[in-house]
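Please look through the sequence and the coordinates shown here before reading on. The explanation after them is meant to be followed with the structure open.

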Amino acid sequence: MRYDPSRPAGRLLLTPEDKEAPARTRRLCQLGLNERPDPGLDAYAGRLAEVTGAPYAMVNFIDENRQFFAGLHVPDVPPAAVVRPDGSAPVLGRELTRDHGFCPHVVVRRKALVLEDVRDYPRFAGNAIVDEFGVRSYLGAPLVDSTGMVLGTVCVADVEPRPWGRPGLESIKASAAELVARLERREADGLPLL
């Protein structure tokens, strides 16, 4: 987070400053990871949702301006907690701005983030996805390649508080490491992702 004197009362920005974004954007373009959905990454997100029991799972690559879900799993039926009085529900697409969600924090911090109930954390409770999509809990880990570059995240989210605990943390970190190994193998050998 950074101080912005142009904002009223010098408020803190909720989205952290990301000095590696230009280099990451170039690396993602080189790998072809920030342009289109990848069915292999969709399948990976689906397995991650199944393992964790979370309704939402993403493989998220973050460039200078946006987050792109190259891998995305959303429930077939929206969770009741997000259905509006008129019967509609918000639709999570493939892109979000950098100021939505928690993944930009994971990328800048370079370490996993466990939010069992986002309302317990003032910094995160005011995030737009809490109101727009009803996200109440989050578990995410950075995708750090062998060059030390954080490419993005692998994460899950739920509309209910979740006691992720140490097992959830270890699971998401292992998932991130496994996915990075697959991405690098694909780059080196031209193999299919999954």
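The paragraphs below start with one strand, go on to its pairing partners, and end with a helix residue.

The model is a predicted one, and a convenient place to enter it is strand β1, which covers residues 56-62. Seven of the seven residues of this strand are buried, so β1 is largely enclosed by the rest of the structure; buried is used here for a relative accessible area under 20%. The enclosure concerns both faces of β1, since Y56, M58, N60 and I62 are buried on one side, while A57, V59 and F61 are buried on the other.

The strands that pair with β1 can be taken in turn. Strand β6, made up of residues 150-158, pairs with β1 in the antiparallel sense over six bridges, and within this pairing N60 has T153 as its bridge partner. Strand β2, residues 66-73, also pairs with β1 in the antiparallel sense, again over six bridges, and there the bridge partner of N60 is F69. The connection between β1 and β2 is a hairpin, with three residues lying between the two strands.

Helix α2, which spans residues 39-52, contains E50. Is E50 buried or exposed? Its relative accessibility is 68%, and because exposed is the term for values over 50%, E50 counts as exposed. With regard to position, the C-alpha atom of E50 is separated by 14 Å from that of G71, a residue 21 residues apart from E50 along the chain.

Key:
Residues are numbered from 1 along each chain as its sequence is written. This is a predicted model: local features need pLDDT of at least 70, side-chain atom pairs count only at pLDDT 80 or more; totals for chains, interfaces and linings use all residues. Side-chain values use heavy atoms; hydrogens and water are left out. Buried means under 20% relative accessible area, exposed over 50%, partly exposed in between (1.4 Å probe, protein chains only). Helices (H or I, at least four residues) and strands (E, at least two) are DSSP runs, numbered from the N terminus. Two strands pair if DSSP finds at least two bridges between them.
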